[in-house]
Amino acid sequence: MTFILTDSSDESQRYQFTLGEAVVVTTSTYELYDLVKDNPDEQVIIIGPNVKMETARVVAEHFRVVRPSLGVILIRARLDVTTMSEALRSGIREVVSSDDAASLVAASKRSLAISAQLLEASRVVGSSNSRGKILIVFSAKGGCGKTTLSVNLAHALANYTNSKVALLDFDLQFGDVAVALQIEPKKTISDAISMQNNLDELGIKSLMVNQQKNLDILLAPTNPTDIEFISTDLIDTLLDSLKNSYDYIVVDTSPAFTDVILRVFDQADKCYLLTTLDMPAIKNLKLVVSTLEALNINKTKLDFVLNRSDIKSGLTTREVEAMVGETFSTLIPSSNDVSASTNRGVPLVIEKPRHAVSREIIDLAIRTDTFFRPIVDKKRGIFRRKSK
Ligand SMILES: Nc1ncnc2c1ncn2[C@@H]1O[C@H](COP(=O)(O)OP(=O)(O)OP(=O)(O)O)[C@@H](O)[C@H]1O
Ligand SMILES: [Mg+2]
(Lines give C-alpha, C1' and ligand atoms only; values in the text may rest on other atoms or scores of the structure.)
(Ligands and ions follow the chains in the order given, each with its own letter.)
Protein backbone atom coordinates (compact mmCIF):
# COMPACT_ATOMS: atom_id res chain seq x y z
CA MET A 1 0.00 0.00 0.00
CA THR A 2 1.22 3.51 -0.83
CA PHE A 3 -0.05 6.81 0.59
CA ILE A 4 -0.52 9.63 -1.89
CA LEU A 5 -1.05 13.30 -1.19
CA THR A 6 -2.97 15.01 -4.04
CA ASP A 7 -5.32 17.93 -4.55
CA SER A 8 -8.14 15.65 -5.71
CA SER A 9 -9.24 12.37 -4.17
CA ASP A 10 -10.52 11.17 -7.59
CA GLU A 11 -7.04 10.15 -8.60
CA SER A 12 -6.79 6.95 -6.58
CA GLN A 13 -7.74 4.63 -9.44
CA ARG A 14 -5.12 6.12 -11.77
CA TYR A 15 -2.34 5.68 -9.19
CA GLN A 16 -3.55 2.22 -8.32
CA PHE A 17 -3.31 1.28 -11.98
CA THR A 18 0.15 2.80 -12.41
CA LEU A 19 1.69 1.31 -9.26
CA GLY A 20 -0.15 -1.99 -9.52
CA GLU A 21 -1.04 -2.01 -5.82
CA ALA A 22 -3.56 -0.58 -3.35
CA VAL A 23 -3.17 3.13 -2.68
CA VAL A 24 -4.70 5.50 -0.17
CA VAL A 25 -5.21 8.98 -1.54
CA THR A 26 -5.66 11.95 0.74
CA THR A 27 -5.94 15.68 0.18
CA SER A 28 -5.01 16.58 3.76
CA THR A 29 -1.44 16.71 5.06
CA TYR A 30 -2.68 16.04 8.60
CA GLU A 31 -4.52 12.95 7.47
CA LEU A 32 -1.33 11.86 5.69
CA TYR A 33 0.67 12.34 8.90
CA ASP A 34 -1.87 10.21 10.80
CA LEU A 35 -1.91 7.51 8.14
CA VAL A 36 1.87 7.19 8.22
CA LYS A 37 1.90 7.27 12.02
CA ASP A 38 -0.64 4.45 12.17
CA ASN A 39 1.33 2.38 9.66
CA PRO A 40 4.84 1.99 11.08
CA ASP A 41 5.97 -0.21 8.17
CA GLU A 42 5.04 2.31 5.47
CA GLN A 43 8.24 3.47 3.77
CA VAL A 44 7.15 5.55 0.78
CA ILE A 45 4.71 8.37 0.08
CA ILE A 46 3.97 10.14 -3.18
CA ILE A 47 3.09 13.80 -3.55
CA GLY A 48 0.91 14.56 -6.60
CA PRO A 49 1.73 17.13 -9.32
CA ASN A 50 -0.72 19.80 -8.23
CA VAL A 51 0.23 19.92 -4.56
CA LYS A 52 2.03 23.22 -3.90
CA MET A 53 5.83 23.00 -3.71
CA GLU A 54 5.72 24.70 -0.31
CA THR A 55 3.40 21.96 1.05
CA ALA A 56 5.61 19.24 -0.46
CA ARG A 57 8.64 20.79 1.22
CA VAL A 58 6.93 20.92 4.65
CA VAL A 59 5.77 17.30 4.31
CA ALA A 60 9.24 16.08 3.33
CA GLU A 61 10.88 17.97 6.18
CA HIS A 62 8.32 16.54 8.61
CA PHE A 63 9.06 12.94 7.63
CA ARG A 64 12.80 13.55 7.50
CA VAL A 65 12.54 14.09 11.26
CA VAL A 66 9.79 11.68 12.35
CA ARG A 67 10.64 8.77 10.03
CA PRO A 68 13.99 9.25 8.30
CA SER A 69 13.74 5.88 6.57
CA LEU A 70 10.58 6.91 4.68
CA GLY A 71 11.08 8.13 1.11
CA VAL A 72 9.09 11.02 -0.35
CA ILE A 73 8.55 10.99 -4.12
CA LEU A 74 7.40 14.19 -5.77
CA ILE A 75 5.53 14.32 -9.08
CA ARG A 76 5.80 17.53 -11.07
CA ALA A 77 4.42 18.57 -14.47
CA ARG A 78 7.77 20.15 -15.34
CA LEU A 79 11.18 19.14 -14.04
CA ASP A 80 13.25 22.31 -13.81
CA VAL A 81 16.46 23.00 -11.91
CA THR A 82 14.76 25.16 -9.24
CA THR A 83 12.24 22.44 -8.42
CA MET A 84 14.92 19.76 -8.32
CA SER A 85 17.26 21.69 -6.02
CA GLU A 86 14.43 22.76 -3.69
CA ALA A 87 13.27 19.15 -3.52
CA LEU A 88 16.75 17.93 -2.74
CA ARG A 89 17.22 20.46 0.06
CA SER A 90 14.00 19.46 1.79
CA GLY A 91 14.87 15.76 1.72
CA ILE A 92 12.60 14.64 -1.15
CA ARG A 93 14.17 11.45 -2.46
CA GLU A 94 12.99 11.45 -6.09
CA VAL A 95 11.24 13.87 -8.45
CA VAL A 96 9.45 12.35 -11.48
CA SER A 97 7.54 13.78 -14.37
CA SER A 98 3.72 13.52 -14.28
CA ASP A 99 3.57 11.97 -17.74
CA ASP A 100 6.12 9.24 -16.99
CA ALA A 101 4.36 6.32 -15.27
CA ALA A 102 7.33 3.99 -15.68
CA SER A 103 9.63 6.45 -13.90
CA LEU A 104 7.22 6.65 -10.98
CA VAL A 105 7.22 2.87 -10.56
CA ALA A 106 11.02 2.74 -10.80
CA ALA A 107 11.44 5.63 -8.35
CA SER A 108 9.13 3.91 -5.87
CA LYS A 109 11.16 0.68 -6.09
CA ARG A 110 14.46 2.52 -5.68
CA SER A 111 13.13 4.42 -2.70
CA LEU A 112 11.90 1.24 -1.00
CA ALA A 113 15.34 -0.34 -1.49
CA ILE A 114 17.01 2.69 0.12
CA SER A 115 14.53 2.54 3.03
CA ALA A 116 15.36 -1.13 3.57
CA GLN A 117 19.08 -0.26 3.67
CA LEU A 118 18.51 2.58 6.12
CA LEU A 119 16.42 0.36 8.39
CA GLU A 120 19.09 -2.34 8.32
CA ALA A 121 21.80 0.23 9.13
CA SER A 122 19.85 1.56 12.12
CA ARG A 123 19.23 -2.02 13.29
CA VAL A 124 22.99 -2.72 13.23
CA VAL A 125 23.76 0.49 15.14
CA GLY A 126 21.06 -0.39 17.67
CA SER A 127 22.40 -3.86 18.21
CA SER A 128 25.97 -2.59 18.53
CA ASN A 129 24.80 -0.48 21.45
CA SER A 130 23.53 -3.56 23.16
CA ARG A 131 26.84 -5.39 22.75
CA GLY A 132 28.56 -6.77 25.84
CA LYS A 133 30.06 -4.38 28.36
CA ILE A 134 33.64 -4.78 29.55
CA LEU A 135 34.13 -4.46 33.30
CA ILE A 136 37.75 -4.34 34.44
CA VAL A 137 38.75 -4.94 38.08
CA PHE A 138 42.10 -3.38 38.90
CA SER A 139 44.46 -2.29 41.65
CA ALA A 140 48.11 -1.44 41.22
CA LYS A 141 49.01 -3.12 44.50
CA GLY A 142 48.83 -6.91 44.74
CA GLY A 143 46.54 -8.70 47.15
CA CYS A 144 43.83 -6.01 47.38
CA GLY A 145 41.10 -8.47 46.40
CA LYS A 146 40.90 -8.18 42.59
CA THR A 147 40.40 -11.89 42.02
CA THR A 148 37.93 -12.12 44.91
CA LEU A 149 35.89 -9.25 43.50
CA SER A 150 36.10 -10.42 39.85
CA VAL A 151 35.03 -13.96 40.64
CA ASN A 152 32.18 -12.90 42.94
CA LEU A 153 31.03 -10.07 40.67
CA ALA A 154 30.88 -12.40 37.66
CA HIS A 155 28.83 -14.93 39.63
CA ALA A 156 26.56 -12.20 41.04
CA LEU A 157 25.88 -10.82 37.54
CA ALA A 158 25.13 -14.28 36.18
CA ASN A 159 22.83 -15.21 39.07
CA TYR A 160 21.16 -11.96 40.06
CA THR A 161 20.79 -10.04 36.81
CA ASN A 162 20.13 -12.94 34.47
CA SER A 163 22.95 -11.78 32.19
CA LYS A 164 25.35 -13.86 30.12
CA VAL A 165 28.75 -13.33 31.64
CA ALA A 166 32.34 -14.11 30.63
CA LEU A 167 35.05 -13.97 33.29
CA LEU A 168 38.56 -13.46 31.87
CA ASP A 169 41.69 -14.10 33.91
CA PHE A 170 44.07 -11.52 32.43
CA ASP A 171 46.55 -11.86 35.26
CA LEU A 172 48.45 -13.69 32.55
CA GLN A 173 51.48 -14.73 34.62
CA PHE A 174 50.05 -15.54 38.01
CA GLY A 175 46.32 -15.78 37.41
CA ASP A 176 44.49 -17.74 40.07
CA VAL A 177 40.86 -17.77 38.97
CA ALA A 178 41.23 -21.49 38.20
CA VAL A 179 42.49 -22.12 41.74
CA ALA A 180 39.83 -19.92 43.33
CA LEU A 181 37.11 -21.93 41.57
CA GLN A 182 38.94 -25.28 41.63
CA ILE A 183 38.77 -25.64 37.88
CA GLU A 184 41.22 -27.95 36.18
CA PRO A 185 42.86 -25.71 33.53
CA LYS A 186 42.45 -28.04 30.55
CA LYS A 187 41.75 -25.07 28.27
CA THR A 188 43.35 -21.66 28.74
CA ILE A 189 44.04 -18.50 26.75
CA SER A 190 47.33 -20.16 25.70
CA ASP A 191 45.31 -22.30 23.30
CA ALA A 192 44.49 -19.09 21.40
CA ILE A 193 48.17 -18.44 20.63
CA SER A 194 48.40 -21.05 17.88
CA MET A 195 45.07 -19.88 16.41
CA GLN A 196 46.12 -16.22 16.62
CA ASN A 197 45.91 -15.51 12.90
CA ASN A 198 42.59 -17.16 12.23
CA LEU A 199 40.82 -16.93 15.55
CA ASP A 200 37.08 -16.76 14.90
CA GLU A 201 34.06 -16.68 17.20
CA LEU A 202 33.79 -20.47 17.23
CA GLY A 203 37.49 -20.82 18.11
CA ILE A 204 37.09 -18.35 20.97
CA LYS A 205 34.00 -20.16 22.27
CA SER A 206 36.04 -23.38 22.35
CA LEU A 207 38.49 -21.75 24.80
CA MET A 208 35.83 -20.87 27.34
CA VAL A 209 35.20 -23.13 30.33
CA ASN A 210 31.54 -23.34 31.25
CA GLN A 211 31.23 -22.71 34.99
CA GLN A 212 27.46 -22.58 35.41
CA LYS A 213 24.38 -21.34 33.54
CA ASN A 214 25.17 -17.89 32.10
CA LEU A 215 28.84 -17.94 33.11
CA ASP A 216 31.88 -18.99 31.07
CA ILE A 217 35.49 -18.47 32.04
CA LEU A 218 38.69 -17.88 30.07
CA LEU A 219 41.59 -19.07 32.23
CA ALA A 220 45.11 -17.66 32.41
CA PRO A 221 48.04 -19.68 31.00
CA THR A 222 49.41 -22.42 33.21
CA ASN A 223 52.85 -21.58 31.86
CA PRO A 224 53.75 -17.97 32.86
CA THR A 225 56.15 -17.58 29.91
CA ASP A 226 53.23 -17.83 27.46
CA ILE A 227 52.57 -14.18 28.24
CA GLU A 228 55.11 -13.07 25.62
CA PHE A 229 53.04 -14.69 22.87
CA ILE A 230 49.80 -13.01 23.88
CA SER A 231 49.66 -9.87 21.77
CA THR A 232 47.41 -6.87 22.18
CA ASP A 233 45.94 -7.75 18.77
CA LEU A 234 44.88 -11.10 20.18
CA ILE A 235 43.28 -9.30 23.14
CA ASP A 236 41.39 -7.01 20.73
CA THR A 237 40.11 -9.99 18.75
CA LEU A 238 39.03 -11.77 21.91
CA LEU A 239 37.22 -8.80 23.43
CA ASP A 240 35.53 -7.86 20.19
CA SER A 241 34.23 -11.36 19.68
CA LEU A 242 33.15 -11.91 23.30
CA LYS A 243 31.11 -8.70 23.17
CA ASN A 244 28.86 -10.46 20.63
CA SER A 245 28.16 -13.42 22.88
CA TYR A 246 28.03 -12.02 26.42
CA ASP A 247 26.25 -9.17 28.22
CA TYR A 248 29.20 -8.62 30.55
CA ILE A 249 32.89 -9.43 30.26
CA VAL A 250 34.48 -9.23 33.71
CA VAL A 251 38.27 -8.95 33.51
CA ASP A 252 40.53 -9.90 36.44
CA THR A 253 43.95 -8.28 36.15
CA SER A 254 47.52 -8.33 37.34
CA PRO A 255 48.61 -5.47 39.61
CA ALA A 256 50.52 -3.70 36.82
CA PHE A 257 49.84 -1.60 33.75
CA THR A 258 50.92 -4.19 31.18
CA ASP A 259 50.18 -3.64 27.48
CA VAL A 260 47.31 -6.10 27.74
CA ILE A 261 45.79 -4.38 30.78
CA LEU A 262 46.09 -0.97 29.11
CA ARG A 263 44.27 -2.37 26.08
CA VAL A 264 41.43 -3.56 28.32
CA PHE A 265 41.26 -0.15 30.04
CA ASP A 266 40.99 1.44 26.60
CA GLN A 267 37.94 -0.63 25.78
CA ALA A 268 36.39 -0.92 29.25
CA ASP A 269 32.90 0.39 29.93
CA LYS A 270 33.46 0.37 33.69
CA CYS A 271 36.69 0.26 35.70
CA TYR A 272 36.43 -0.97 39.29
CA LEU A 273 39.48 0.39 41.08
CA LEU A 274 40.21 -1.38 44.33
CA THR A 275 42.09 -0.39 47.42
CA THR A 276 42.41 -1.51 51.00
CA LEU A 277 42.97 0.73 54.03
CA ASP A 278 46.75 0.75 53.93
CA MET A 279 49.03 3.53 52.75
CA PRO A 280 50.83 1.61 49.94
CA ALA A 281 47.49 0.63 48.38
CA ILE A 282 46.11 4.15 48.77
CA LYS A 283 49.24 5.71 47.26
CA ASN A 284 48.98 3.30 44.33
CA LEU A 285 45.29 4.09 43.82
CA LYS A 286 46.19 7.78 43.49
CA LEU A 287 48.83 6.85 40.91
CA VAL A 288 46.30 4.72 39.03
CA VAL A 289 43.84 7.63 38.87
CA SER A 290 46.46 10.05 37.55
CA THR A 291 47.78 7.48 35.05
CA LEU A 292 44.28 6.79 33.71
CA GLU A 293 43.70 10.53 33.46
CA ALA A 294 46.92 10.90 31.46
CA LEU A 295 45.73 8.06 29.20
CA ASN A 296 42.47 9.95 28.58
CA ILE A 297 40.30 7.27 30.15
CA ASN A 298 36.93 8.86 30.77
CA LYS A 299 36.56 9.62 34.48
CA THR A 300 32.88 8.66 34.47
CA LYS A 301 33.88 5.04 33.85
CA LEU A 302 35.78 4.84 37.14
CA ASP A 303 34.12 3.21 40.14
CA PHE A 304 35.99 3.10 43.44
CA VAL A 305 35.75 0.07 45.71
CA LEU A 306 37.20 -0.16 49.22
CA ASN A 307 37.90 -3.76 50.24
CA ARG A 308 38.21 -4.88 53.85
CA SER A 309 36.66 -1.51 54.70
CA ASP A 310 36.12 -2.27 58.39
CA ILE A 311 39.60 -3.33 59.43
CA LYS A 312 41.21 -1.23 62.15
CA SER A 313 44.06 0.42 60.32
CA GLY A 314 44.02 3.83 61.94
CA LEU A 315 42.48 5.30 58.78
CA THR A 316 38.78 5.95 58.22
CA THR A 317 36.94 5.66 54.92
CA ARG A 318 36.43 9.45 54.91
CA GLU A 319 40.13 10.09 55.36
CA VAL A 320 41.01 7.77 52.51
CA GLU A 321 38.39 9.40 50.26
CA ALA A 322 39.87 12.80 51.08
CA MET A 323 43.38 11.53 50.29
CA VAL A 324 42.38 10.03 46.96
CA GLY A 325 39.89 12.78 46.11
CA GLU A 326 37.24 10.20 45.15
CA THR A 327 34.21 8.61 46.79
CA PHE A 328 33.87 4.86 47.20
CA SER A 329 30.73 3.39 45.66
CA THR A 330 31.19 0.11 47.48
CA LEU A 331 32.57 -0.81 50.89
CA ILE A 332 33.29 -4.52 51.20
CA PRO A 333 33.86 -5.61 54.79
CA SER A 334 36.60 -7.98 55.83
CA SER A 335 35.72 -11.53 56.73
CA ASN A 336 37.53 -14.82 57.15
CA ASP A 337 34.65 -16.40 55.26
CA VAL A 338 36.09 -14.89 52.05
CA SER A 339 39.25 -16.98 52.07
CA ALA A 340 37.37 -19.96 53.53
CA SER A 341 34.98 -19.94 50.55
CA THR A 342 37.91 -19.50 48.12
CA ASN A 343 39.58 -22.50 49.70
CA ARG A 344 36.43 -24.53 49.04
CA GLY A 345 36.31 -23.26 45.44
CA VAL A 346 32.84 -21.73 45.82
CA PRO A 347 32.42 -17.95 45.62
CA LEU A 348 30.87 -16.39 48.71
CA VAL A 349 27.99 -14.84 46.70
CA ILE A 350 26.95 -18.39 45.80
CA GLU A 351 27.74 -20.08 49.09
CA LYS A 352 26.36 -17.38 51.38
CA PRO A 353 24.38 -14.79 49.40
CA ARG A 354 23.17 -13.10 52.60
CA HIS A 355 26.67 -12.58 53.92
CA ALA A 356 27.63 -8.90 54.37
CA VAL A 357 30.44 -9.29 51.79
CA SER A 358 28.12 -11.00 49.30
CA ARG A 359 25.42 -8.36 49.75
CA GLU A 360 27.83 -5.58 48.84
CA ILE A 361 29.01 -7.41 45.71
CA ILE A 362 25.48 -8.42 44.65
CA ASP A 363 24.40 -4.80 45.09
CA LEU A 364 27.31 -3.71 42.92
CA ALA A 365 26.32 -6.24 40.24
CA ILE A 366 22.70 -5.09 40.25
CA ARG A 367 23.69 -1.42 40.17
CA THR A 368 25.98 -2.14 37.23
CA ASP A 369 23.23 -3.95 35.33
CA THR A 370 20.66 -1.24 36.09
CA PHE A 371 23.15 1.33 34.83
CA PHE A 372 23.79 -0.44 31.53
CA ARG A 373 20.36 -1.97 30.86
CA PRO A 374 17.72 0.01 32.76
CA ILE A 375 14.85 -0.76 30.36
CA VAL A 376 15.59 -4.44 29.98
CA ASP A 377 15.72 -4.76 33.77
CA LYS A 378 12.29 -3.30 34.29
CA LYS A 379 10.77 -5.54 31.65
CA ARG A 380 12.40 -8.66 32.99
CA GLY A 381 11.74 -7.97 36.67
CA ILE A 382 14.89 -9.89 37.35
CA PHE A 383 15.65 -8.97 40.92
CA ARG A 384 15.51 -12.47 42.28
CA ARG A 385 17.41 -11.63 45.42
CA LYS A 386 15.43 -12.34 48.57
CA SER A 387 17.96 -11.24 51.15
CA LYS A 388 18.76 -7.80 52.55
N1 LIG B 1 36.93 -8.77 52.03
C2 LIG B 1 37.86 -9.66 52.35
N3 LIG B 1 37.93 -10.14 53.60
C4 LIG B 1 38.87 -11.04 53.93
N5 LIG B 1 39.77 -11.52 53.08
C6 LIG B 1 39.77 -11.06 51.84
C7 LIG B 1 38.82 -10.12 51.39
N8 LIG B 1 39.05 -9.87 50.08
C9 LIG B 1 40.10 -10.63 49.73
N10 LIG B 1 40.54 -11.34 50.77
C11 LIG B 1 41.66 -12.27 50.79
O12 LIG B 1 42.83 -11.55 50.47
C13 LIG B 1 43.70 -12.35 49.71
C14 LIG B 1 44.01 -11.63 48.41
O15 LIG B 1 42.83 -11.54 47.67
P16 LIG B 1 42.81 -11.68 46.08
O17 LIG B 1 43.57 -12.88 45.67
O18 LIG B 1 41.42 -11.56 45.66
O19 LIG B 1 43.64 -10.39 45.73
P20 LIG B 1 44.27 -9.98 44.33
O21 LIG B 1 44.20 -8.50 44.27
O22 LIG B 1 43.66 -10.73 43.25
O23 LIG B 1 45.76 -10.43 44.51
P24 LIG B 1 46.88 -10.54 43.36
O25 LIG B 1 47.32 -9.13 43.12
O26 LIG B 1 47.94 -11.38 43.99
O27 LIG B 1 46.24 -11.15 42.17
C28 LIG B 1 43.00 -13.68 49.49
O29 LIG B 1 43.47 -14.58 50.44
C30 LIG B 1 41.54 -13.38 49.78
O31 LIG B 1 40.85 -14.48 50.27
MG1 LIG C 1 44.49 -11.96 41.72
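Select helix H6 in this predicted model: of the shell around ligand 1, H6 supplies the largest share, 3 residues. The helix spans 146–160. Next, add helix H13, residues 336–344, to the selection. H6 and H13 each give the shell at least two residues.

Now show the whole shell, the 16 residues around ligand 1. Lys146, Thr147, Thr148, Asn307 and Pro333 are the ones that come nearest to the ligand. Colour the shell by residue class: 9 of its residues are polar, 4 are nonpolar and 3 are charged.

Which atoms face the nitrogen atoms of ligand 1? Three stops follow.

- Asparagine 307: a polar atom of its side chain is 2.9 Å from a nitrogen atom of the ligand.
- Arginine 308: here too the side chain provides a polar atom, which lies 3.2 Å from a nitrogen atom of ligand 1.
- Proline 333: select the backbone, where an N or O atom lies 2.9 Å from a nitrogen atom of the ligand.

Switch to a surface view of ligand 1. Taken alone, the ligand exposes 630 Å², and the protein buries 79% of that. Display the pockets of the protein as well; ligand 1 sits in the largest pocket.

Finally, zoom out to the protein chain and colour it by domain. The domain assignment places residues 2–127 in domain 1 and residues 130–380 in domain 2. Put a marker at the centre of each domain, taken over C-alpha atoms: the centres of domain 1 and domain 2 are separated by 53 Å.

Terms used. Residues numbered from 1 in each chain as written. Chains lettered and ligands numbered in written order. Predicted model: local features only at pLDDT ≥ 70, side-chain atom pairs only at ≥ 80, totals over all residues. Heavy atoms only, no water. Near = heavy atom within 4 Å. Polar contact = N/O pair within 3.5 Å; in protein donor to acceptor, adjacent residues only side chain to side chain. Areas by Shrake-Rupley, 256 points an atom, 1.4 Å probe, with all protein chains shown as cover. 1 Å grid on protein atoms, 1.4 Å probe; cavity = no way out; pocket = protein on both sides within 12 Å on 5 of 7 lines; lining within 4 Å. Sits in = over half its atoms within 2 Å of the grid points. Helix = DSSP H or I, 4+ residues; strand = E, 2+ residues; numbered from the N terminus. Nonpolar A, V, L, I, M, F, W, Y, C, P; charged D, E, K, R; others polar. Domains from an automatic or database assignment.
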